[in-house]
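Here are a few short exercises to work through with the model open beside you. Try each task before reading its solution.

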Amino acid sequence: MSQYHSLFIIALVAVIAPFLTRLPALILMPAVILELMLGILIGPSGAGWVTSHGTIGLLGEFGLIFLFFQAGFEFNPSKIGAAPLRLGAVAWLVS
C-alpha cells in the first residue's frame, strides 16, 4: 500500500472521528478516545491498512510529541492536590 493511501486513511479517520462523537450512542466519548480506537483498528494490530514505515512513522513520532505537549498545557497542579502529586512522584521514583 502506498504512503499516500495510508495518509488518506489516517486523514479520513481524523475527520470522521469528531463527527461520530455527535451520535447519541457516542455522545459522552471524547473524540481523542475514538481516534485512538479507530487508529488501532486501521493499524497493524487491526486491519493492517496502515503501517508505520517512512513518512507515516515520522508523522506518528511528531503526533506523539504534540500529544505530550498538549498534555503539558492541561496539567494544573492546584486542581490535582498535594496527595496525588506526592503519590505519583513516589511511584515514579520507585519505578
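Helices are DSSP runs of H or I with at least four residues, numbered from the N terminus. Keep in mind that this is a predicted model.

**Exercise 1. Find where Ala25 sits, and decide whether Ala25 is buried or exposed.**

Solution. Start with the place: Ala25 belongs to the loop that links helix 1 and helix 2. Next, take the cut-off, which is over 50% relative accessible area for exposed. Ala25 has 75% relative accessibility, so Ala25 counts as exposed. To finish, look across to Phe66: Ala25 and Phe66 are 41 residues apart in sequence, and their C-alpha atoms are 29 Å apart in space.

**Exercise 2. Work out how helix 1 and helix 2 are arranged.**

Solution. Helix 1 covers residues 3-20, and its axis comes within 9 Å of the axis of helix 2. The two axes cross at roughly 140°. Angles over 145 degrees count as roughly antiparallel, and 65 to 115 as roughly perpendicular. The crossing angle therefore makes helix 1 oblique to helix 2. As for handedness, helix 1 passes helix 2 in a right-handed crossing.

**Exercise 3. Describe the surroundings of Val32 on the surface.**

Solution. Val32 is part of helix 2, which spans residues 31-42. Its relative accessibility is 47%, so Val32 counts as partly exposed. Now add its partners: Val32 joins Ile33, Leu36 and Met37 in a nonpolar surface patch. Together these residues have about 350 Å² of accessible area.

**Exercise 4. Place Val50 and Gly63, and classify each by accessibility.**

Solution. Take Val50 to begin with: this residue is in the loop between helix 2 and helix 3, the latter being residues 55-74. Buried means under 20% relative accessible area, and Val50 has 7%, so Val50 is buried. Val50 and Ile40 are 10 residues apart in sequence and 9.7 Å apart from C-alpha to C-alpha.

Gly63, in turn, lies in helix 3. With 34% relative accessibility, Gly63 counts as partly exposed. Gly63 and Asn76 are 13 residues apart in sequence, with 22 Å between their C-alpha atoms.

Definitions and conventions
Residues are numbered from 1 along each chain as its sequence is written. This is a predicted model: local features need pLDDT of at least 70, side-chain atom pairs count only at pLDDT 80 or more; totals for chains, interfaces and linings use all residues. Side-chain values use heavy atoms; hydrogens and water are left out. Patches are made of residues with over 30% relative accessible area and no salt bridge: like charges are joined within 9 Å, nonpolar side chains (Val, Leu, Ile, Met, Phe, Trp, Tyr) within 5 Å. Accessible areas come from the Shrake-Rupley method with a 1.4 Å probe; for residues, only the protein chains shown count as cover. A salt bridge is a side-chain nitrogen of Lys or Arg within 4 Å of a carboxyl oxygen of Asp or Glu. Helices (H or I, at least four residues) and strands (E, at least two) are DSSP runs, numbered from the N terminus. Buried means under 20% relative accessible area, exposed over 50%, partly exposed in between (1.4 Å probe, protein chains only). Axes are lines fitted to C-alpha atoms, for helices over the stretch in contact, and angles run from 0 to 180 degrees between N-to-C directions. Angles under 35 degrees count as roughly parallel, over 145 as roughly antiparallel, 65 to 115 as roughly perpendicular and the rest as oblique. A crossing is left-handed if the near helix is turned anticlockwise from the far one by less than a right angle, and right-handed if clockwise.
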